[in-house]
Amino acid sequence: MVNLPKIFKENGSFGPELILPLLPLRDIVIFPHMVAPLFVGRPKSVAALSDAMGKDKRVFLATQKKEGIDNPAEEDISRVGTIGKVLQLLRLPDGTVKALVEGETRGRIVHFLPEADFFRVELEAVAEEPAETAEVTALMRSVLKSFDEYAALNKSISKDLISSVSSITDPSKLADTLAAHFSFKIEDKQQLLEEAVPTDRLSLLLKLIQMEIDIFQMDQRIKSRVKEQMEKTQKNYYLNEQMRAIKKEMGADDDGAEDLAELEEKINKKKMSEEATEKVKAELKKLKLMTPMSAEATVVRNYIDWLISLPWYEKTDINTDIEEAEKILDEDHYGLEKPKERILEYLAVQSLVKKIRGPILCFVGPPGVGKTSLAKSVSRATGRKYVRLSLGGVRDEAEIRGHRRTYIGALPGKIIQSLKKVGVNNPVFCLDEVDKMSMDFRGDPSAALLEVLDPEQNNNFNDHYLDVDYDLSDILFITTANTLPDIPLPLQDRMEIIRLPGYTEYEKLHIATGFLVPKQIKTNGLEGQNVRFSDKAIYAIIRKYTREAGVRNLEREIASICRKIAKEVLKNKNEGKAAFNVSATSVATHLGPPRFRESQIEENDAIGLVTGLAWTQVGGELLSVETAIMPGKGKLTITGKLGDVMQESAQAAVSYVRSRAENLQLQQDFYKTYDIHIHIPEGAIPKDGPSAGISMCTSIVSALTRRAVYRDLAMTGEITLRGRVLPIGGLKEKILAAHRGRIKKVIIPKENEKDLKDIPKNVLKQVEVVAVEHMDEVLSHSIIVGDNESVFKEHDAALHIPTSADDQVQTPRNLI
């Protein structure tokens with residue numbers, strides 16, 4: 001039996017049973033020998049403390065089974081608790097009470113007594129059974145050892161507590177004291193309180209301490225790992241924040257992870273070739289392992305961006321309506337029947353066949369005839385997008401095929417760049433000025449174009465930068481050039497050559513009235529000002545102020561007149577009432593004196609003066625050939641900055657005249673007594689080619705025979721020593737030049753008759769074309785003779801020379 005306080009019952013006798021006010025506790029178990037502060041706020045609990053303070057300050061402290069109940073019933077309160085004494089009581093302004101209590105001994109509720117304001121209970125003492133001394137001592141030592149171990153782990157336990165606990169010899173007091181200093185569960189503490197046998201209580205306490213040590217050690221390990229992780233995380237966070245700050249200052253994106261995720265999503269959505277897909281995924285995997293700020297990461301990222309931005313399979317629908325396409329082509333360009341017909345043929349085949357490789361067309365013609373604008377018109381007619389790449393001055397192969405990624409600042413070639421810009425894989429791709437490329441130590445760009453413009457190879461075009469095959473076979477390539485000889489022969493072989501000759505005066509008139517004049521009136525703000533250009537005014541501009549195959553200068557002169565009219569409108573404050581009629585006479589007022597002679601035809605038929613025809617890059621030109629005969633020793637002089645071929649043609653012409661001297665009624669030794677001077681005016685301009693042979697021969701014969709040549713006649717053709725007239729090139733341009741120069745008759749080689757189908761019909765109606773095989777025929781048509789006179793002494797077989805080798809052996813002697 002434990003010593004109970006001397007509390008008397010109502011009859012005044014002393015016994016083990018007590019009657020005390022009950023203070024229900026939440027979240028805490030009070031052990032004997034334990035001092036703890038309590039904050040009391042419930043009315044019943046405050047009333048119980050007030051009752052205890054009015055008597056002997058003793059109260060029964062029992063823990064609720066469930067801490068969340070504010071008004072516990074009898075069954076909600078544990079039966080075993082602690083009889084305690086209120087050491088201090090402090091009433092707070094909010095009505096609550098702060099009490100300091102001390103546990104004295106265990107007690108058990110016998111039953112509850114009726115009380116309105118608070119619980120009052122009748123108690124009985126909890127007797128502690130004695131235990132064997134050896135077992136108790138061993139348990140006490142084990143408990144103290146475990147407590148020391150726990151104290152070594154938990155630095156919050158003071159050394160004074162350790163020394164005071166070590167001095168306790170009562171096993172019951174030792175168990176209660178230690179239990180009060182551990183944060184066991186409420187259920188475990190209540191179990192310790194209810195245990196009456198000291199050995200069992202110590203055994204349970206030892207078990208709970210060992211469990212607490214294990215939990216604490218595990219907690220320490222977890223905290224250590226968490227601390228390491230947090231230190232690492234904090235370090236990474238700090239470094240990332242620094243990197244973000246640096247990137248922000250540099251203006252770079254600071255969200256690398258999201259950027260990579262977005263990039264990977266784009267790759268997954270992008271439809272590419274199998275080779276390109278494997279390549280870009282491998283590069284992305286490499287990029288994820290790199291530091292974002294490294295130079296290599298930037299190179300890889302740019303490469304990935306290029307691959308996913310290309311239009312691998314994006315295409316526009318092609319318009320296969322031939323009638324609509326023909327209407328669009330006719331709206332944009334007048335004439336140019338041959339290229340229009342070729343485009344319509346392509347569209348016809350496209351509508352019949354699902355897959356056709358795009359043709360490679362090459363428009364060749366002088367400047368200003370509409371080659372580049374025709375390519376743009378083709379894109380409009382076919383419904384394709386249009387992209388243009390100028391090759392003028394390109395001398396580096398890498399401009400076409402790109403640089404390898406090993407070079408700093410490497411980029412794909414212009415072909416791939418243009419496709420990325422246009423966004424589809426089947427545009428009309430105009431390669432402008434393909435004849436203006438050059439080459440140096442960096443390579444030959446025209447050789448790189450061989451793969452691009454080869455329909456058999458361009459489905460696997462390999463750019464040096466991309467390093468994967470790209471399909472160019474769906475692209476409609478159109479190249480433009482001014483001269484064909486400047487294009488390498490292997491490149492010519494891969495293209496379909498379509499020549500665009502110069503325009504006739506009639507075509508220029510139609511283009512000017514239908515397009516150029518309305519365009520310039522709108523451009524110069526003259527809409528509504530009643531500006532009109534007469535046909536004669538347009539002809540005057542064409543003949544006197546421009547000399548070109550195209551219409552570029554014609555548009556400039558029309559624009560110049562429109563600007564002057566705009567100036568007059570502002571000066572006179574014209575409100576659109578007066579009309580501005582541009583006539584042939586008023587053209588000189590606006591443009592000044594004529595820059596060119598209207599025609600190169602001489603006013604009179606002249607001796608020794610013949611009009612030839614020449615081909616230039618800007619179209620055909622009239623070429624004057626003059627010959628002067630002077631007494632001398634047979635010296636031949638050729639001037640006019642002529643090339644070797646042209647000088648040889650002059651020598652061949654002289655040799656022919658010498659061989660035909662007798663039939664031409666010339667002195668047999670004229671070449672010994674006369675000097676011959678052949679001159680072609682405009683000596684500052686280089687001239688070459690064999691097509692002026694018959695012109696120089698006719699001029700020599702005219703000068704020697706003192707007979708004039710028709711001034712409205714022009715000729716072109718190569719001459720041989722036997723007098724044969726060989727075919728020449730550029731016939732269409734030459735006849736158009738003759739038409740512009742108001743030539744009435746043109747002599748051409750017989751073998752060039754096949755080229756007449758390319759000449760506009762209205763030109764052939766105004767120009768008589770005579771085809772000849774021999775020089776004698778040329779002289780018969782060009783030399784002016786009297787009614788009963790003839791150029792030749794007699795006509796013979798020379799007018800019909802056989803062409804076979806065997807027949808040439810039988811040629812009459814007088815032709816040799």
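Helices here are DSSP runs of H or I with at least four residues, numbered from the N terminus. In this predicted model, one such run is helix α6, which spans residues 198-250 and contains I222. I222 is partly exposed, its relative accessible area being 37%, and together with M218, V226 and M230 it forms a nonpolar patch on the surface, the four residues having about 340 Å² of accessible area together. The numbering of these residues recalls a general property of the α-helix: with 3.6 residues a turn, residues three or four places apart point the same way.

Helix α6 also takes part in a contact of another kind. R201, which lies in α6, is paired with D176 of helix α4 (residues 171-180), and the pair therefore ties together parts that are 25 residues apart in sequence. The contact is a salt bridge in which the closest N and O atoms are 3.5 Å apart. D176 has a relative accessible area of 1%, and because buried means under 20%, it counts as buried; R201, with a relative accessible area of 1%, is buried as well.

The structure holds 27 salt bridges, and a few others may be set beside the one just described. E283 and R405 form a salt bridge whose closest N and O atoms are 3.7 Å apart. Since E283 lies in helix α8 (residues 274-288) and R405 in the loop between α13 (398-401) and α14 (414-422), this pair ties together parts that are 122 residues apart in sequence. On the helix side, E283 is buried, at 5% relative accessibility, whereas on the loop side R405 is partly exposed, at 25%. In the salt bridge between the side chains of E433 and K436, N and O are 3.0 Å apart; here E433 is partly exposed at 23% relative accessibility, and K436 is partly exposed with a relative accessible area of 34%. Salt bridges also link D51, K55 and R120 in a network.

Positive charges are found over aromatic rings too. K420 lies over the face of W306, at 4.1 Å from the ring centre, and K271 is placed over the face of Y313, where the distance to the ring centre is 5.1 Å.

Among the rings themselves, the structure holds seven aromatic pairs. One of them joins F112 and F119, whose ring centres are 5.7 Å apart and whose planes meet at 65°; planes over 60 degrees apart count as edge-to-face, so the pair is classed that way. F112 is buried, at 12% relative accessibility, and F119 is buried too, with a relative accessible area of 14%. Another pair, formed by F429 and F477, is tilted, with 5.5 Å from centre to centre and 35° between the planes. Because F429 lies in strand β9 (residues 428-432) and F477 in strand β12 (residues 476-481), the pair ties together parts that are 48 residues apart in sequence. F429 and F477 are both buried. Elsewhere, ring pairs link F147, F182 and F184 into a cluster.

Cysteines raise a separate point. A disulfide is, in general, a covalent bond between the sulfur atoms of two cysteines, and a search of the whole structure finds zero of them. C430 shows how the distance criterion applies, because the closest cysteine sulfur to its own, that of C362, is 10 Å away, too far for a bond, when a disulfide needs the two sulfur atoms within 2.5 Å. C430 is buried, with a relative accessibility of 0%, and C562 is likewise buried, with a relative accessible area of 0%.

The last element to consider is helix α26, which runs over residues 775-782 and has six of its eight residues buried, so that the helix is largely enclosed by the rest of the structure. The buried residues in α26 are M775, D776, E777, V778, L779 and S782.

Notes. Residues are numbered from 1 along each chain as its sequence is written. This is a predicted model: local features need pLDDT of at least 70, side-chain atom pairs count only at pLDDT 80 or more; totals for chains, interfaces and linings use all residues. Side-chain values use heavy atoms; hydrogens and water are left out. Patches are made of residues with over 30% relative accessible area and no salt bridge: like charges are joined within 9 Å, nonpolar side chains (Val, Leu, Ile, Met, Phe, Trp, Tyr) within 5 Å. Accessible areas come from the Shrake-Rupley method with a 1.4 Å probe; for residues, only the protein chains shown count as cover. Helices (H or I, at least four residues) and strands (E, at least two) are DSSP runs, numbered from the N terminus. Buried means under 20% relative accessible area, exposed over 50%, partly exposed in between (1.4 Å probe, protein chains only). Rings of Phe, Tyr and Trp (its six-membered ring) pair if their centres lie within 6.5 Å; planes under 30 degrees apart count as stacked, over 60 as edge-to-face and the rest as tilted. A charge sits over a ring if NZ of Lys or CZ of Arg is within 6 Å of the ring centre and within 35 degrees of the ring normal.
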